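Colleague: I should be grateful for a close look at the aromatic side chains and at the charges placed over their rings. Please set them in the context of the whole assembly afterwards.

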Number of protein chains: 2
Amino acid sequence: MSRTKPLSGYPEFLPAHAMIEQRVLDTLRGVFELHGFGRIETRAVEPLSELSRKGEITKEVYAVKRLHAAAEDAAELGLHFDLTVPFARYVLENAGQLQFPFRRYQMQKVWRGERPQEGRYREFLQCDIDVIGRDTLATHHDAELPLVALEALEKLHVDLGLPPALMHINNRKLLEGFYQGLGIEETAPILQRVDKLDKIGPDGVRKLLTDELALSATAIDAILGLAQIQTNDESFVDQVHALGVTSELMETGLVELSQVLSVVRAELPERVTVDLRIARGLDYYTGMVQETELVGWQKIGAVSGGGRYDALARDNRSTYPGVGLTIGVTRILVPLLAKNALAISRQVPSAVFVAVDAEDNRSEAQKVAASLRRRGISCEIAPKSDKFGKQIAFADKRGIPYVWFGGSQGSVKDIRSGEQVDADATVWSPADVDLIPQVTAS
Amino acid sequence: MSRTKPLSGYPEFLPAHAMIEQRVLDTLRGVFELHGFGRIETRAVEPLSELSRKGEITKEVYAVKRLHAAAEDAAELGLHFDLTVPFARYVLENAGQLQFPFRRYQMQKVWRGERPQEGRYREFLQCDIDVIGRDTLATHHDAELPLVALEALEKLHVDLGLPPALMHINNRKLLEGFYQGLGIEETAPILQRVDKLDKIGPDGVRKLLTDELALSATAIDAILGLAQIQTNDESFVDQVHALGVTSELMETGLVELSQVLSVVRAELPERVTVDLRIARGLDYYTGMVQETELVGWQKIGAVSGGGRYDALARDNRSTYPGVGLTIGVTRILVPLLAKNALAISRQVPSAVFVAVDAEDNRSEAQKVAASLRRRGISCEIAPKSDKFGKQIAFADKRGIPYVWFGGSQGSVKDIRSGEQVDADATVWSPADVDLIPQVTAS
């Protein structure tokens, strides 16, 4: 086997970075479970017919086919490109055995055949949380999901040193109603163009709306006016009204958005802003929508997105409305780790390296290790009965903080301070902070 | 979207079973990390050239291709069918940045395009642990890896109620040396046929060895004699010698096997047996080999397998010997769960259901929930301010043990006993056993 090159678009982590990723996933999962979300996992493949209904996405799907299937066989399966399509299918498939509202999280790889580029991957890890109801789902979940996501991202910030998050929230009813008030029925072409505000600026968007959609200057003024409203408080309501558009649907959207803002601000006032430019491309959103960035790392793009959908799925008896969102773990971690923005205190799980003074005494080291492990202390035994200096260097290279010498009644050295104390393997413990590797901003 | 049928060969779990699977994975991971194994994850795809070198496996590989790639483009990537090939590639790719011996675990899905049948899946989850050295790796790891696997399986048995494991160990040097002693150079065709002993019995194997390999009756007697040796103690050494075959390599194998047996027996005497029939098909094993079954569930087949390999990978400068094994989580869990051999105490992570007496008081419930979560207590808030009876039924249906009423100075009811006590949300905790869902044999 010759040495191979990494595959572009398929990021893989070295062991230390893989441990950081694991800690991030554990943290997210911890928050999701505290809020009563249970984990499910769906298969990696879906029938191509399910994956390709949205025309624009078809090109990005990876088809999967047995290598020796007859050449004329059409591929029938593809790798999922998100976790929403599989989740909708799972809900329909198991509706009779699920209890609604159904709260679930899912942490899985997804695949997209896009051209790899900065921030775009062909394989990446997403964490989705959704609450899905049968036929109805109360609007208080519109605030709950953003809050759970922000709480999770806040914990990543506080506990692991990731950058803080800022969630931009909006409401599709507000947008749809506003456009209806302007006499515009088909909003998708407008939303698509307004979405380019960041890239091409208001004048660029104005040109697109004029040239391509032939909108009036008055309508465009209103549209650009709306898209540029961004407030941390309730003042967005007055700013919208000042644009002079009236619509019942818009008023509903304003009320819903105010409610979400108020609940989220009560918990995490610094982490949320109303931003009426946010639309989220996917056409199934029907109420609250959000897009989240990491402060100081806006160039990464949205690290979370989601919203309310009135009918994620539908079967003969019911529709399934929900509120959900994705956190893009690969999208967060690949750039942060590439820039060394996060560090971990050691390369391996082991807190203790048990030295072996002679191969004949290896079983003594095994007893020490067994005693420590019984009390939840991760350790590894010297692979070779080298000179102690070499063994300490071995531990040091991996960042293992403690080296154990002798049998169960032995001694333990903190190789950072050099301090060595007599210790009994049945009772000694490392400092709490050394029990598992520490992740910090660096 | 119409209701779909499950895809044959792609098992998916309902939420309660997914929680059991998660607990199994957490338990395995906990043991691996206690032993200093760090997690890595590799991409799902490998170049087809890497996946198809072993002729017999080619057919089982799933090729992956962008749906709209030109039809004449040959597929270049495939889904990995195990975690060994990707791990070998990862080691070569990152050899300069890894520290050897390198201890890693990997828990990922693998895919095989086999015909789905009892115990065979097209997508399944494997947990691999390996220790890999550069150029050399001490033989004490031959006992370490089986012991870690057995310790993990024992914890699944004791903590979660899975059936106990029995590991069958052998040594390829013993086999190779024995066959050499019989004057046989090419052992693979023999091992293949002896492997059918369980299915077709000694007479069947004798017939194959006579008809297809034209071996002498004396040689076949010795081969069948060896294959039928199974002991829980060192007596296998005398039994092998009694077959009258002499070989230096065989003696090395006997010593290595005795050492592994002795180390494993010292810890888990009931969980290991020497079984000289075990060969493991893959040709890269060169020393210790093991295959593990669950007692009472032998029909599942091997739930773990692995061994020593002298050169898993090789680059211009080094070879990478290792000892590794796989635990087949899907293969264990799908049949156990299908037979309801395991149960979980509730369907959701929540320990507490916070009732809401009126929508206007929802924020009170949110405060209670926040207090509980701050202390690591998973909870969910009533989705609707129904009558309390309905809310209790909602919690009961999900197996949530406690329902909270009123604000932070409220009361909490254990809905199993019906007992209700006044409680302060800033200090009250559920019984330890109720903190997370309990998995048990059922």
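Modeller: In this predicted model, A:Arg398 lies over the face of A:Phe394, at 3.5 Å from the ring centre. Chain B offers a further arrangement of this kind: B:Arg103 is placed over the face of B:Phe37, with a distance of 4.4 Å from the ring centre.

Rings also pair with one another, and 21 aromatic pairs are found over all chains. One of them joins B:Phe32 and B:Tyr105, whose ring centres are 5.6 Å apart. Their planes meet at 50 degrees, which lies between the limits of 30 degrees for stacked and 60 for edge-to-face, so the pair is classed as tilted. The pair links distant parts of chain B, since B:Phe32 belongs to helix α1 (residues 15–34) and B:Tyr105 to strand β5 (residues 102–111), 73 residues apart. B:Phe32 has a relative accessible area of 0% and is therefore buried; B:Tyr105, at 1% relative accessibility, also counts as buried. In chain A, ring pairs connect A:Tyr284, A:Tyr285 and A:Tyr309 into a cluster.

As for the assembly, chain A is superposed on chain B by a rotation of 180 degrees with 0.0 Å of shift along its axis, at an RMSD of 0.0 Å. This is the relation of a two-fold axis. Among the residues of chain A, A:Val64 comes closest to that rotation axis, with its C-alpha at 2.4 Å. The copies meet through the same surface, because 100% of the interface residues of chain A are interface residues in chain B as well.

Methods:
Residues are numbered from 1 along each chain as its sequence is written. Chains are lettered from A and ligands numbered from 1 in the order in which they are written. This is a predicted model: local features need pLDDT of at least 70, side-chain atom pairs count only at pLDDT 80 or more; totals for chains, interfaces and linings use all residues. Side-chain values use heavy atoms; hydrogens and water are left out. Copies are superposed by least squares on the C-alpha atoms of residues with pLDDT of at least 70 in both. Contact means heavy atoms within 4.5 Å. Rings of Phe, Tyr and Trp (its six-membered ring) pair if their centres lie within 6.5 Å; planes under 30 degrees apart count as stacked, over 60 as edge-to-face and the rest as tilted. Helices (H or I, at least four residues) and strands (E, at least two) are DSSP runs, numbered from the N terminus. Buried means under 20% relative accessible area, exposed over 50%, partly exposed in between (1.4 Å probe, protein chains only). A charge sits over a ring if NZ of Lys or CZ of Arg is within 6 Å of the ring centre and within 35 degrees of the ring normal.
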